[in-house]
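Biologist: I am new to this structure and would like a close look at a single part of it. Please take your time and build the picture outward from one residue.

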Amino acid sequence: MTALLLAAAVAGCDDDGAADAKASAPAGGSPSAPAGRSPAPAPPARTPAAKSAPSSPPASSEPAKPSVPPADAAPPGYAPAGDGPLRGKVVVIDPGHNIRNQRHTAEIDRSVDIGTGRKECDTTGTSTDSGYAEARFSLDVAHRIRSILQTQGARVTLTHDDDRPFGPCVDERAAIGNKAHADAALSVHADGAAPGQRGVHVILPAKVKGGRADTAPIVEPSKELGERVLGRFVRATGSMPSNYVGHNTGLDVRSDLGGLNLSTVPKVFIECGNMRDPQDAAQLTDDGWRQKAAQGIADGIREFILSRP
């Protein structure tokens, strides 16, 4: 499948993320980073503990926030339950981080159980050099994904919708997908690596067992979900798989993310690009490109669900 993804990419051309910092081998945190991965330059310096963003992003530098219907309102083109190929299916979309986290550092810094250890409740996320926050990006793309999947009959739940003072914590994000018995769950992010490091990558759960974590039942279906999402994302956006994570496959396996460790349903994270790279940032801040990104992600989710017995 990886070979096909790379072919598609050429032809078509943390925590969790939310509260688990982009720590990992490829994403720049713990336990160790792959050869060639350099820490992101200031501002701000990235640490294994979390991605960080400027404390007060300038409002004038942030792209205009699109009008978004309230969480309980049907977006344009909404298909009532029972209509479309995804009728009866449940999807949970997890917008990485929360724009208000930076005002609640004490709350998000407290540690929570991720099954194999403890990590911060959440982190602030990163931002472009112009101040466009990852939390804004991830929520915008999540809304777009929701609208697309709802028109196909799916019931879509967001882990948060600009309706909380901070968080939710990574363990709660996983619990929301589990409680919903989601057919697929996906966390939306953008990375904060060094300039020149570009492209999309999808994070898959490693096989871990410890405490409350036992990912054995979801490792294989999550891998299939990740491969399908990556392939469709590359096709829709023209992006290439990451040149700094996943050895040019665009796929990364991690064992340190609570949102994956504690999930009992197929789940992946997608890092849509690097906010610290000027070329990627130009895409991430573009309204039209974000719509393509959402379409690619939704297509991959749809393809995965319809392929399941």
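Biologist: In which helix does E134 lie? Please start there, and then describe what surrounds that helix.

Modeller: This is a predicted model, and everything that follows should be read with that in mind. E134 lies in helix α3, which covers residues 134–151. E134 counts as buried because its relative accessible area is 0%, whereas the limit for buried is under 20%. The C-alpha atom of E134 is separated by 9.4 Å from that of P95, although the two residues are 39 places apart along the chain.

P95 brings us to β1, since that strand spans residues 90–95, and to the sheet on which the helix rests. Helix α3 lies across β1, β4, β5 and β10, and it runs at about 145° to β5. Another helix, α4 (residues 170–179), also packs on the sheet, where it touches β1, β4 and β10, and its direction makes about 170° with that of β1. The sheet itself is open and has six strands in the order β4-β1-β5-β10-β6-β9, with mixed pairing. Its edge strands are β4 and β9 (251–254), each of which pairs on one side only, and the twist from one strand to the next averages 25°. At the β4 end of that order, β1 and β4 run parallel and are joined by four bridges, with V90 standing opposite R155 in β4.

Returning to α3, we can follow one of its residues into the interior. The largest nonpolar core has 39 residues, and F137 is one of the four that touch the most other members, together with I93, I297 and I301. The elements that give this core two or more residues are β1, α3, β4, β5, β6, α5, β10 and α8, and the largest share, eight residues, comes from α8. Apart from this core lies another, of six residues, among them V90, V92, A180 and V265. In soluble globular proteins, nonpolar side chains tend to be buried together. Leaving aside residues up to four places away in sequence, F137 touches Y132, V188, H189, A190, C272, M275, L284, W289 and R290.

Two of those contacts, W289 and R290, lead to helix α8, where both are among the buried residues, as are I297 and I301. Helix α8 has 21 residues and reaches 30 Å from its first C-alpha to its last, close to the 30 Å expected at 1.5 Å a residue. Its buried residues pack against β1, α3, β5, α5, β10 and α7 (278–284), which ties α8 back to the helix where we began.

W289 also takes part in the one aromatic pair that the structure holds. Its partner is F233, and the arrangement is edge-to-face, with 5.8 Å from centre to centre and 80° between the planes. The pair links distant parts of the chain, for F233 belongs to helix α5 (residues 219–237) and W289 to helix α8 (residues 287–307), 56 residues apart. Both F233 and W289 are buried.

Helix α5 has 19 residues and reaches 27 Å from its first C-alpha to its last, close to the 27 Å expected at 1.5 Å a residue. Besides F233, its buried residues include V219, L225, V229, L230 and V234. Just after α5, G238 takes a positive phi of about 80°.

Conventions. Residues are numbered from 1 along each chain as its sequence is written. This is a predicted model: local features need pLDDT of at least 70, side-chain atom pairs count only at pLDDT 80 or more; totals for chains, interfaces and linings use all residues. Side-chain values use heavy atoms; hydrogens and water are left out. Rings of Phe, Tyr and Trp (its six-membered ring) pair if their centres lie within 6.5 Å; planes under 30 degrees apart count as stacked, over 60 as edge-to-face and the rest as tilted. Buried means under 20% relative accessible area, exposed over 50%, partly exposed in between (1.4 Å probe, protein chains only). A nonpolar core is a set of buried Ala, Val, Leu, Ile, Met, Phe, Trp, Tyr and Cys residues joined through side-chain atoms within 4.5 Å. Contact means heavy atoms within 4.5 Å. Two strands pair if DSSP finds at least two bridges between them. Axes are lines fitted to C-alpha atoms, for helices over the stretch in contact, and angles run from 0 to 180 degrees between N-to-C directions. The expected span of a helix is 1.5 Å times one less than its number of residues.
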